[in-house]
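Let's take a walk through a protein model, looking at its hollows and at a few side chains that meet. Have the structure open as you read.

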Amino acid sequence: MWATAVGVARVRALESARDNALFRDPLAQAFAAAGGLWPSSPPLPDDEGARRRRLAVAFSIVIRTKFLDDLLRQASASGIRQVVLLGAGMDSRAFRIDWPEGTRLFEVDTTAPLDFKASVLRQERAVARCERITVAVDLREGWPAALAAAGHDPARPTVWIAEGLLIYLPQDAVELLLARISARSAPGSRMGLTLGSRGVIERFGADAAPGSAASLWVSEMPDDPVGWLAGHGWQASCHTLRERAAAYGRPITTPPGHEEGPGGLISAVRRPPVPRA
């Protein structure tokens, strides 16, 4: 399942090569090449619908990367010095963002992707721009204890990133993950989430090829994501892909093919607990 992260790296490598790139990821091409997806990649499907869906997924990866980059920089500017990337995959933000002094960045993922990533980083002689700490644990298991053992301090604000992750988790697992994050987030903590917009599984996953990323999608955006997160103690803002793409100068020119509901890009701030009367 983690091998889809190599496909994400390829998308980021292609974006980084553009003159007007929304971000530069100097390690993405090395990750893609090590995973066998550079310079070539699987050919686009002959079916026009499947081709459009693949291109749409790649576009969404570019927009969400920019969205979360901005969120992380804003969190750093607010004074947060703890970062947790859940399901980190081939994320290279530890190496490509200028972090303030004292930043500790935790990459949480299973052993296989972390080992693969470590081999590429050694090959590239990559040097992190912050204190980077890897935490090898399955997110379906006791990751909070592993994160604590690695040095995460829940008494200090944290910025949490779950990028391209929640769509693969059943609803009960999404709720558990959010409850665990919330229990370890001091007031002022921030969070960036990406979720599949309503109907995305029907549109993209229904006829997806077996074993493809879309075939593994199981969770979508709640009907009221702001209210959902408020129930967990977070003040959230919700954005659509179309809205953010236009803001970044990459407008989606085709009209919506469906009624657009709440968007799949969420930023949130941990509120102080309400005092008891």
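Before we start, one term: helices and strands here are DSSP runs, numbered from the N terminus, with at least four residues for a helix and at least two for a strand. Keep in mind, too, that this is a predicted model.

With that numbering in hand, find the loop between helix 6 and strand 4, where His152 sits. Is His152 buried or exposed? Buried means under 20% relative accessible area, and His152 has a relative accessible area of 7%, so it counts as buried. The side chain of His152 also has a partner: a polar contact of 2.8 Å links it to the side chain of Thr158.

Now look at the helix and the strand on either side of that loop. Which two residues form an aromatic pair? They are Trp143 and Trp160, and their arrangement is edge-to-face. The structure has one aromatic pair, and this is it: the ring centres are 6.2 Å apart, with 70° between the planes. Trp143 belongs to helix 6 (residues 143–149) and Trp160 to strand 4 (residues 159–162), so the pair ties together parts that are 17 residues apart in sequence. Both Trp143 and Trp160 are buried.

Another ring has a charged neighbour. Lys66 lies over the face of Tyr248, 5.5 Å from the ring centre.

Here are these three side-chain meetings together:

| Residues | Kind of meeting | Distance |
|---|---|---|
| His152 and Thr158 | polar contact | 2.8 Å |
| Trp143 and Trp160 | edge-to-face aromatic pair | 6.2 Å, centre to centre |
| Lys66 and Tyr248 | Lys66 over the ring face | 5.5 Å from the ring centre |

On to the empty spaces. How many cavities of 30 Å³ or more are there? The count is one, and the largest cavity holds about 40 Å³ of space. Its lining consists of Leu166, Val174, Leu177, Leu178, Ile181, Leu193 and Trp228. That makes seven nonpolar residues, with no polar and no charged ones. Helix 7 (residues 171–183) gives the largest share of this lining, four residues.

The second largest pocket has a volume of about 190 Å³. There are 14 residues around it, and those nearest its centre are Phe67, Leu71, Gln74, His239 and Ser267. Its lining is a mix of six nonpolar, five polar and three charged residues. Which elements each supply at least two residues of that lining? Helix 3 (48–77), strand 6 (234–239) and strand 7 (265–270) do.

Definitions and conventions. Residues numbered from 1 in each chain as written. Predicted model: local features only at pLDDT ≥ 70, side-chain atom pairs only at ≥ 80, totals over all residues. Heavy atoms only, no water. 1 Å grid on protein atoms, 1.4 Å probe; cavity = no way out; pocket = protein on both sides within 12 Å on 5 of 7 lines; lining within 4 Å. Points joined across faces, edges and corners; volume = space filled by probe spheres on them. Nonpolar A, V, L, I, M, F, W, Y, C, P; charged D, E, K, R; others polar. Phe/Tyr/Trp six-rings, centres within 6.5 Å; stacked < 30°, edge-to-face > 60°. Buried < 20%, exposed > 50% of the residue type's maximum accessible area, 1.4 Å probe, protein only. Lys NZ or Arg CZ within 6 Å of the ring centre and 35° of its normal. Polar contact = N/O pair within 3.5 Å; in protein donor to acceptor, adjacent residues only side chain to side chain.
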